[in-house]
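Student: I would like a close look at a single part of this model, the pocket and the aromatic residues around it. Could you take me through that part in one connected account?

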Amino acid sequence: MSRRTPRPRPDAVTAASPCPCGLPDTYGACCGARHAGSPAPTAEALMRSRYSAFAVRDAAYLLRTWHPDTRPERLDLDERTRWLGLEVLASTDGGPFHQEGIVEFIATYLERGRQDTLREHSRFVRYDGAWVYVGPLPR
């Protein structure tokens with residue numbers, strides 16, 4: 001009986017990988033630190049870390065950083081969805097001294113062989129001192 005070490009998936013993200021959020025740092029030093037418990041200093045940093053959580057399929061982080069009034073009971077991430085890139089278009093407020101912030105972004109993904117984009121104006125607020133995602137704003 002041979003023991004095979006499972007091969008990492010081609011899109012597997014490690015601490016040394018470029019961060020999925022697009023900033024010029026490694027995943028471990030950027031969004032990986034947020035996923036491990038380091039608080040996001042701004043709404044944009046939280047939004048980027050949430051995008052990266054989708055890319056690495058960290059549903060627990062997504063739920064933990066979702067406002068309790070709008071958070072679903074559970075979150076099932078589709079293993080077949082591959083997140084390809086993030087472009088932050090605008091960020092309003094959401095700094096270290098703000099209580100609310102809005103981040104507009106475009107996220108590109110591949111699903112069932114078809115590339116598509118998600119464009120959203122996301123609302124973030126401070127809850128118990130930490131930034132949390134509230135939800136999309138109407139267009």
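Tutor: What follows is a walk through the pocket first and the aromatic contacts after it. The model is a predicted one, and its largest pocket has a volume of about 340 Å³. Of the 18 residues that line this pocket, Arg-50, Phe-54, Trp-83, Phe-105 and Leu-118 are the closest to its centre, while the elements that give two or more residues to the lining are α2, β2 (100–111) and β3 (114–127). By character, the lining divides into 11 nonpolar, 2 polar and 5 charged residues.

Two of the residues named above, Phe-54 and Trp-83, also bring us to the aromatic contacts. The model holds a count of 5 aromatic pairs, and one of them joins Phe-54 to Trp-83 in a tilted arrangement, with 5.7 Å from centre to centre and 50° between the planes. This pair links distant parts of the chain, since Phe-54 belongs to helix α2 (residues 43–56) and Trp-83 to strand β1 (residues 82–93), 29 residues apart. Together with Tyr-51 and Tyr-109, Phe-54 and Trp-83 form one aromatic cluster. Phe-54 has a relative accessible area of 27%, and because this value falls between the 20% limit for buried and the 50% limit for exposed, the residue counts as partly exposed.

Arg-50, which is likewise among the residues closest to the pocket centre, has its charged end over the ring of Trp-66, at 4.9 Å from the centre of that ring.

Definitions and conventions: Residues numbered from 1 in each chain as written. Predicted model: local features only at pLDDT ≥ 70, side-chain atom pairs only at ≥ 80, totals over all residues. Heavy atoms only, no water. Phe/Tyr/Trp six-rings, centres within 6.5 Å; stacked < 30°, edge-to-face > 60°. Helix = DSSP H or I, 4+ residues; strand = E, 2+ residues; numbered from the N terminus. Buried < 20%, exposed > 50% of the residue type's maximum accessible area, 1.4 Å probe, protein only. Lys NZ or Arg CZ within 6 Å of the ring centre and 35° of its normal. 1 Å grid on protein atoms, 1.4 Å probe; cavity = no way out; pocket = protein on both sides within 12 Å on 5 of 7 lines; lining within 4 Å. Points joined across faces, edges and corners; volume = space filled by probe spheres on them. Nonpolar A, V, L, I, M, F, W, Y, C, P; charged D, E, K, R; others polar.
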